[in-house]
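Below are some points for a colleague looking at this model, set out in the order in which they are easiest to follow on the screen.

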Amino acid sequence: MIIYDLCCDNDHRFEGWFHSADDFTEQLERRFVSCPQCDSHQVRRVPSAVAIGTSAAAAPGMPSVALSGTAMMPAGKQVMALYRQLIQAVVESCEDVGEGFVDEARKMHYNEAPERPIRGAATEDECEALRDEGIEVIRLPSIKDEELN
Ligand SMILES: [Zn+2]
């Protein structure tokens, strides 16, 4: 959603909400945009301040335009998208040792196996035990693909 500051040929200023810049252009060309005060279709965009990310920059009454698509994304989806990236990065960069994770992590720690990023199955207790031995492990809840979408 984009908010544009608009002005008619009688210098009435008002805000218009549009899905995108293209949506604005299309609505303007089809004369769907009119001044709420005088109904004029001679509408143009007026230069306005741009607020990205920080709401502190936009003082009350100050015209602002939301430019960032991601800022308008529902928080939950955004978090899941980031989480999905994280999981994918882990999956792609780590060797899957499956049930042998705890053994392999110990071997690496005690220089009995080459050090490398690994992933696999471990219980919370097993992770605790590894941490007690000074082995850094991160537990990622397993999430099915469809839940990430
Ligand atoms: Zn007007």
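1. I would begin with the pairing of the two strands, keeping in mind that the model is predicted. Strand β1 (residues 2-8) and strand β2 (residues 13-18) run antiparallel to one another and are joined over six bridges. Four residues lie between the strands of this hairpin, in which Asp11 adopts a positive phi near 65°.

2. Glu15 is a convenient residue from which to inspect this pairing, since it belongs to strand β2 and is the bridge partner of Asp5. Once neighbours within four places in sequence are set aside, Glu15 is in contact with Ile3, Asp5 and Leu6. Between Glu15 and Tyr4, which are eleven residues apart in sequence, the C-alpha to C-alpha distance is 5.7 Å.

3. Is Glu15 buried, partly exposed or exposed? Glu15 counts as partly exposed because it has 13 C-beta neighbours inside 10 Å, whereas a buried residue would need 20 or more and an exposed one would have 12 or fewer.

4. Turning to the interior, the largest nonpolar core is made up of six residues, namely Tyr4, Leu6, Cys8, Phe24, Val33 and Val43. Strand β1 supplies the largest share of this core, with three residues. As a general background, nonpolar side chains in soluble globular proteins tend to be buried together.

5. Phe24, one of the residues of that core, deserves a separate look for its contacts. With neighbours within four places in sequence left aside, Phe24 is in contact with Ile2, Tyr4, Gly16 and Phe18.

Technical notes: Residues numbered from 1 in each chain as written. Predicted model: local features only at pLDDT ≥ 70, side-chain atom pairs only at ≥ 80, totals over all residues. Core = buried A, V, L, I, M, F, W, Y, C linked by C-beta atoms within 7 Å. Helix = DSSP H or I, 4+ residues; strand = E, 2+ residues; numbered from the N terminus. Contact = placed C-beta atoms within 7 Å. Pairing = 2+ DSSP bridges.
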